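Trainee: Could you take me on a close look at the cavities inside this structure, and at what surrounds them? I would love one connected walk through that part.

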Amino acid sequence: NISQVTEFILLGLSDTRELQVLLFTFFLLAYVMVLLGNLLIIVTVRTDPKLSSPMYFLLCNLSFIDICYTSVTSPRMLVDLLSQRKAVAFEDCIAQLFFLHFAGASEMFLLTVMAYDRYTAICKPLRYKAIMSRQVCWVLVSACWAGGFVHSIVQTLLTIQLPFCGPNTIDNYFCDVPSVIRLACTDIYITEWLMASNSGLISLACFLVLVISYTFILVTIRVRFTQGHWKALSTCGSHVMVVTLFFVPCMFIYLQPFSTFPSNKHICVIYTVFSPVMNPLIYTLRNNEVKASMWKLWKRCRV
């Protein structure tokens, strides 16, 4: 394209020095919790043969995606909070945008697959092992990554074909589609609706599939309730909390024309920081099997 902009300036979350130091401390702790919490889940699932069911296989993949997802934005944000000039090269900005949507869309698809796993476990328990075999799980996870890649490629190509020749100030703490394309020196009406249709409809479609799957689960449990159903339902409760934290802010951000609404950078904190932090807490504190396995792992490490 005919872009003349070689770098973007990020405004961040605040320009007050004292608040920046406070935010740095908070987000550093959050990032460390994401890394340690999700790595602990991965190690626990991989080392305990009892956690070999499809649910824990998918949980292990979710933890890996969370690490990738939060590592796209958090390190850069932490550096910028202590920097006077928060500049990012054009190529680096586009790369961050690509990997953010790659990991984010992959996580959306994976959360949808996890809902299907819970639906199969509760509504079709006798066929569960046949339907959710290890081969099927690998195919579903691979499809999630492939879907995230295709989504991200589309978003990136739509962005880099725009000319950037004027303002270069991004009112956010990371490079994302709504913030970047506002700076294009051309009419972006068609582009922003294409992007909103891409990101927004993916978020909405995955969310509707999740809602439908939980509706079937609740109907099934209402008809026939057993102790096994109660155990499966408890994992669904954790899943609902994760879905709410992740999908609702995404739908709010992407299901609207980008140029007609102000920056929603404070809402972005929910799905880029809080959701990855809450995932390991929700899936461990509400799951007795995972907690027991972590305790056994801790005792083995102490010996």
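Mentor: Happy to! A search of the whole structure, which is a predicted model, turns up 5 cavities of 30 Å³ or more. Let's settle on the largest cavity, with its volume of about 130 Å³. Its lining is made of 14 residues, and those nearest its centre are His 101, Gly 104, Ala 105, Met 108 and Tyr 254. Try finding these in the view, then step back to the helices: H3 (90–123), H7 (189–223) and H8 (227–254) are the elements that each give two or more residues to this lining. H3 supplies the largest share, 5 residues. As for chemistry, the lining holds 9 nonpolar residues, 5 polar ones and no charged ones.

Now follow Met 108 outward. Met 108 is one of the residues in contact with Phe 247, once neighbours within four places in sequence are left aside. On that same list you will find Leu 111, Ser 203, Cys 206, Phe 207 and Leu 210. Phe 247 also leads us to the largest nonpolar core, a group of 67 residues. Phe 247 is among those with the most contacts inside this core, together with Phe 27, Leu 58, Leu 110, Leu 111 and Tyr 271. The helix that gives the most to this core is H2 (residues 54–81), with 14 residues. There is also a second, separate core of 20 residues, including Val 88, Ile 170, Val 177 and Met 195.

Conventions. Residues are numbered from 1 along each chain as its sequence is written. This is a predicted model: local features need pLDDT of at least 70, side-chain atom pairs count only at pLDDT 80 or more; totals for chains, interfaces and linings use all residues. Side-chain values use heavy atoms; hydrogens and water are left out. On a 1 Å grid over the protein atoms alone, a cavity is a set of points where a 1.4 Å probe fits but cannot get out, and a pocket is an open set with protein on both sides within 12 Å along at least five of seven lines; lining residues have an atom within 4 Å of a point. Grid points are joined across faces, edges and corners, and a volume is the space filled by probe spheres set on the points. Helices (H or I, at least four residues) and strands (E, at least two) are DSSP runs, numbered from the N terminus. Ala, Val, Leu, Ile, Met, Phe, Trp, Tyr, Cys and Pro count as nonpolar, Asp, Glu, Lys and Arg as charged, and the others, Gly among them, as polar. A nonpolar core is a set of buried Ala, Val, Leu, Ile, Met, Phe, Trp, Tyr and Cys residues joined through side-chain atoms within 4.5 Å. Buried means under 20% relative accessible area, exposed over 50%, partly exposed in between (1.4 Å probe, protein chains only). Contact means heavy atoms within 4.5 Å.
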